[in-house]
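Reader: I am new to reading protein models. Could you take me through one part slowly, and show me how side chains meet there?

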Amino acid sequence: MAKKALIAWGGWEGHTPERSANVIRALLQRNGFDVTLGQGTAMFADPQLSSFDLIVPAITMSTIEKAELQNLTAAVREGTGLGGFHGTMGDSFRNEPDYQFMTGGQWVAHPGNIIDYRVAITQPDDPITKGVGDFAYRSEQYYMHVDPSNEVLATTTFSDAHFPGIGGVVMPVVWKRRYGAGRVFYSSLGHTADEFAVPEMAMMVERGLLWAARG
């Protein structure tokens, strides 16, 4: 029986939420998932939300109703997987600490906007990062507030070039964690859908979502 995934997209168009959601739909379908795709946070109000094996939020810089958030966090706490990337998961609902507690982080800045930086793999033997070496990347370098319980798989190091005082700060880029019985995966890479053309980025997201899915 195929695993079931839900993808909900919405919010600021600059993060290409609809295009990114369709990239993820194709990715999951080629891995045998039965995918439900829809727009807006109302997707999280489904009384059967916990029947999904994986939820991928592709919603950015938005708001969510309390009942929708409670249903979402309950589903993940009970064992549904959660996975996503960049602002479509790491900057979805700035006013909701319960959501941030579940995801393990929140975006707060990207000094310099689109810049060149490096991603360092910190756990090369993990199934999500195995065979992926350190690599150059051009995008927003996300400065985040992160949960110390995250299992960090990749990092980036900031310089003072775009904001003084943060030079040498090592920031998580990719992590996995548990939230109750649910598995949670996050990558801060993926400002637009075009970044899935970077093989290292796309491979880690694909493996991370498969890891997060129940079972």
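Author: What follows is a close look at aromatic rings, one threonine and one helix.

Keep in mind that this model is predicted. Start with the rings. How many aromatic pairs does a search of the whole structure find? It finds eight.

Take Phe-101 and Tyr-179. Their rings meet edge-to-face. The centres are 5.9 Å apart, and the planes make an angle of 85°. An angle over 60 degrees counts as edge-to-face. Now place the partners. Phe-101 belongs to helix α4, residues 97-103, and Tyr-179 to strand β10, residues 170-179. The two parts are 78 residues apart in sequence, so this pair ties them together. Is Tyr-179 buried or exposed? Tyr-179 is buried, with a relative accessible area of 10%.

Next come Trp-107 and Tyr-142. This pair is tilted, with 6.1 Å from centre to centre and 45° between the planes. Trp-107 sits in strand β5, residues 105-109. Tyr-142 sits in the loop between β7 (135-140) and β8 (143-146). The pair ties together parts that are 35 residues apart in sequence. Both partners are buried: Trp-107 has a relative accessible area of 16%, and Tyr-142 has 3%.

Rings can also form a cluster here. Ring pairs link Tyr-117, Phe-135 and Tyr-137. A charge can meet a ring as well: Lys-4 lies over the face of Phe-52, 4.7 Å from the ring centre.

Now turn to Thr-156, in strand β9, residues 151-157. Thr-156 has 2% relative accessibility, so it counts as buried. What does its side chain reach at 2.8 Å? The answer is the backbone oxygen of Arg-118. The side chain of Thr-156 also makes a polar contact with the side chain of Gln-141, at 2.9 Å. Beyond four places away in sequence, the residues that Thr-156 touches include Tyr-117, Val-169, Val-170, Met-171 and Val-173.

Last, look at helix α1, residues 17-29. Its 13 residues should span 18 Å at 1.5 Å a residue. The end C-alpha atoms are 18 Å apart, which agrees. Which residues of α1 are buried? They are Pro-17, Ser-20, Ala-21, Ile-24, Leu-27 and Leu-28. Seen down the axis of α1, these fall within an arc of 120°, so they line one face of the helix. What covers them includes the strands β1 (4-11), β2 (34-39), β3 (54-60) and β4 (81-85), along with α5 (199-212).

Notes. Residues numbered from 1 in each chain as written. Predicted model: local features only at pLDDT ≥ 70, side-chain atom pairs only at ≥ 80, totals over all residues. Heavy atoms only, no water. Phe/Tyr/Trp six-rings, centres within 6.5 Å; stacked < 30°, edge-to-face > 60°. Helix = DSSP H or I, 4+ residues; strand = E, 2+ residues; numbered from the N terminus. Buried < 20%, exposed > 50% of the residue type's maximum accessible area, 1.4 Å probe, protein only. Lys NZ or Arg CZ within 6 Å of the ring centre and 35° of its normal. Polar contact = N/O pair within 3.5 Å; in protein donor to acceptor, adjacent residues only side chain to side chain. Contact = heavy atoms within 4.5 Å. Expected span 1.5 Å × (residues − 1). Arc of directions from axis to C-beta.
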